[in-house]
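Got the viewer open? Here's a short tour, one selection at a time.

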Amino acid sequence: MRDHTHLQGMNERSLAQQAAVRKATFSPSEKKTLRPFSIWEISQFMFDIPADTLRKKLADDPSLPQGIVEEDGRQRWFTLNEINELRRRLRFRGKTLMPKRPPGRAMRIAVSNFKGGVGKTVVAHHLANGAALDGYRVLVIDFDPQATLTHSMGLVEVKEWNTVWGIMCRDLCREADRIVAAYDDPADCPYPSSDELPEDVQSIGAQRAQDFIQKTAWSTIDVIPSCANAAFVEFASAQYRALHKAWSFFGCISRYLDELPDDQYDIIIFDCPPAIGYQSLNAAFAADILYVPSGPGYWEYDSTTSYLGQLGDAMEDISSGFATLAQDAGISLPKKFDDVRLLMTRFEASNPLHIAMMDAFRNVFGDDVCKNAIEMTRAVEQSGRFQQSVYEQDYRQMTRETWKRARQSFDTAYIEFRETVLRAWDGKNSNGGTGA
């Protein structure tokens, strides 16, 4: 017979092995680093200009970043910071290389579905990397206790109070004091103040908003990480709701993000767990756009159908059951998304079953299905296995055509994603909103 101590022992053995896995996956220093990018990549995939034109610009202005030249003198390699400096300083045919950035706060996108293995984390990871290479400043929030996105970003030592759970504890403290302050006589408030909450909640509640944000190997991507110990957030949140029945638990992340300066980030991406619970509901209520990845099989279709229905039911229940509390907390109900998109992943264009499932998705969901699927290629498979996106993989380690095909698949998906984001962003501004 095996009880909890057996599981804990398995965990301890696995943690001891993680150092070796990190060493093989990231680098001998066990710290993930971002590779440099060649002029060929920059000109073809980022700036969309001839490589010779870029080389001439660099030769004409020695003050521009010149990169590092290979020993044979055939290729130059640039860091992401150098690429971004080139973006800021260069113009081609009178046009800037900086990405379009409407006014207002960052746009928030939740990548979510029930089904495990449909590529939620792979999609979130690649969209974040694609946006960073496009010149955007990105924040990723890992809601999933599996912490795959956190590990893919190079973070391995994460404490649970630095995760979404910590943000929820902090929000509970702040909301508790706000609610008490709304009474003329605090003694009349039937709910506890922050100093009546458990000590561990109070200690986390003292953290500043920026304390939860950590740097990654990408200079323009930050992360609010997750960890395995954050799995108990669902149990803890239920306990906190019992302690404070007026707490609008589903608005924690939205309120937290509203504290950040509008210009700190351009795009915020949520990687959600394969369940509908406190964390995924927080992601949904904070998101402007809902992205739903799905594989090309019947079970993925079935799971996606169930997910959409159950998420809709949960949001309806909150809209009706928490209307007064939400209004007092400054939350507008019912929750409305600027857009909902379904993205097909692991798609094989030569597979008749995949084509049939894509047709089924489009027959049911219409224009909500993304035009561009993410194809299954060798490079895509390696991105999950080695916790590196296609953008992070060095094309010299495989045939250039294999890498290029995978990159173009993600690029087309990213471009459609960017169009969706910008359309929603412009819509907020045209409606007179500030994005708040």
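We'll start with the whole chain, then visit a sheet, a helix and one loop residue.

**The whole chain.** Keep in mind that this is a predicted model. Show it as a cartoon and you'll have 16 helices and twelve strands to look at. Colour by burial next: 53% of the 436 residues count as buried. The accessible surface comes to about 20,600 Å², with 50% of that belonging to carbon and sulfur atoms. As for contacts with a separation of 6 or more, 78% are between residues 24 or more positions apart.

**A three-stranded sheet.** Now select residues 37-38 and 68-69, which are β1 and β2, and add 76-78 for β3. Together they make an open, antiparallel sheet in the order β1-β3-β2. β1 and β2 stand at the edges with a single partner strand each, so one side of each has no neighbour in the sheet. Zoom in on β2 and β3, which pair over two bridges; valine 69 has arginine 76 as its bridge partner.

**The helix across it.** Add residues 80-89. That's α4, lying across β1 and β3 and running at about 90 degrees to β3.

**Glutamate 392.** Next, go to the loop between α15 (378-385) and α16 (400-430), where glutamate 392 sits. Is glutamate 392 buried or exposed? Its relative accessible area is 7%, so it counts as buried. Show side chains and look for histidine 125: a 3.4 Å polar contact joins the two side chains. The backbone nitrogen of serine 389 is 2.8 Å from a polar atom of the glutamate 392 side chain. Beyond the sequence neighbours within four places, glutamate 392 touches several residues, among them Lys32, Arg35, Asn129 and Trp218.

Conventions:
Residues are numbered from 1 along each chain as its sequence is written. This is a predicted model: local features need pLDDT of at least 70, side-chain atom pairs count only at pLDDT 80 or more; totals for chains, interfaces and linings use all residues. Side-chain values use heavy atoms; hydrogens and water are left out. Helices (H or I, at least four residues) and strands (E, at least two) are DSSP runs, numbered from the N terminus. Buried means under 20% relative accessible area, exposed over 50%, partly exposed in between (1.4 Å probe, protein chains only). Contact means heavy atoms within 4.5 Å. Accessible areas come from the Shrake-Rupley method with a 1.4 Å probe; for residues, only the protein chains shown count as cover. Two strands pair if DSSP finds at least two bridges between them. Axes are lines fitted to C-alpha atoms, for helices over the stretch in contact, and angles run from 0 to 180 degrees between N-to-C directions. A polar contact is a pair of N or O atoms within 3.5 Å; within protein, one must be able to donate a hydrogen and the other to accept it, and residues adjacent in sequence count only if both atoms are side-chain atoms.
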